[in-house]
Amino acid sequence: MSRSPHKKKKRDLAGEAFAEGMRLMRANPALAAVEFDVCRREECRFAPRDGLVVVDSDGDVHAHPDRLAEPAAWAWALAHAVLHLGFGHVPAVKGERTQPDRFDVAARCLVVN
């Protein structure tokens, strides 16, 4: 019996869960209407190390590249980020940007939740 020269590719369970979460989030027509790009690159300097996603004022949602979470958790995190974009909570700014204080951030998240 000879061994196949091809190695079997390992399943990307984190990627599969993320993709399903994205599908669930995009099933909502209002969320699907918001334009954004997704970054899940391992070398992304904006990807969160502790959470699931971070959104920036360029309309990019940076997702943790290998975090294993349930698709529903991904869908919620993605929807949260996309709603921040939709509500204009992360407007584009040229030059240095003044970050909102913790109370403003909490108020924005309350609206999104």
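Reading along the sequence, you will meet the pattern α-α-β-β-β-α-α in the protein chain. Keep in mind as you look around that this is a predicted model. In total the chain has four helices and three strands. Of its 113 residues, 35% are buried. Sequence-distant contacts are well represented too: among contacts with a separation of 6 or more, 53% join residues 24 or more positions apart.

A good place to start is the aromatic pair, as the structure holds one. The partners are Phe 18 and Trp 74, whose ring centres lie 5.0 Å apart; their planes meet at 85 degrees, over the 60 needed, so the pair counts as edge-to-face. Follow the backbone from one ring to the other and you will see that the pair links distant parts of the chain. Phe 18 belongs to helix 1 (residues 13–26) and Trp 74 to helix 3 (residues 71–86), with the two positions 56 residues apart in sequence numbering. Both Phe 18 and Trp 74 are buried. Phe 18 has a further neighbour to look for: Arg 40 lies over the face of its ring, 4.9 Å from the ring centre.

From Trp 74 you can stay on helix 3, the helix that carries this residue, and turn to its meeting with helix 4 (residues 102–112). The two axes come within 9 Å of each other and cross at roughly 110 degrees. An angle of 65 to 115 degrees counts as roughly perpendicular, so helix 3 is roughly perpendicular to helix 4. On the helix 3 side, the contact is made by His 80, Leu 83 and His 84. Helix 4 contributes Arg 108, Cys 109 and Val 112. Sorted by character, the residues of this contact divide into three nonpolar, two polar and one charged.

Let us finish in a loop. Gly 51 sits between strand 1 (37–39) and strand 2 (53–55). Is this glycine buried, exposed or partly exposed? Its relative accessibility is 31%, which lies between the 20% limit for buried and the 50% limit for exposed, so Gly 51 counts as partly exposed. Leaving aside residues up to four places away in sequence, Gly 51 touches His 64 and Arg 67. For the second of these partners, Arg 67, the C-alpha to C-alpha distance from Gly 51 is 8.5 Å, while the two residues are 16 apart in sequence.

Technical notes: Residues are numbered from 1 along each chain as its sequence is written. This is a predicted model: local features need pLDDT of at least 70, side-chain atom pairs count only at pLDDT 80 or more; totals for chains, interfaces and linings use all residues. Side-chain values use heavy atoms; hydrogens and water are left out. Rings of Phe, Tyr and Trp (its six-membered ring) pair if their centres lie within 6.5 Å; planes under 30 degrees apart count as stacked, over 60 as edge-to-face and the rest as tilted. Buried means under 20% relative accessible area, exposed over 50%, partly exposed in between (1.4 Å probe, protein chains only). A charge sits over a ring if NZ of Lys or CZ of Arg is within 6 Å of the ring centre and within 35 degrees of the ring normal. Axes are lines fitted to C-alpha atoms, for helices over the stretch in contact, and angles run from 0 to 180 degrees between N-to-C directions. Angles under 35 degrees count as roughly parallel, over 145 as roughly antiparallel, 65 to 115 as roughly perpendicular and the rest as oblique. Contact means heavy atoms within 4.5 Å. Ala, Val, Leu, Ile, Met, Phe, Trp, Tyr, Cys and Pro count as nonpolar, Asp, Glu, Lys and Arg as charged, and the others, Gly among them, as polar.
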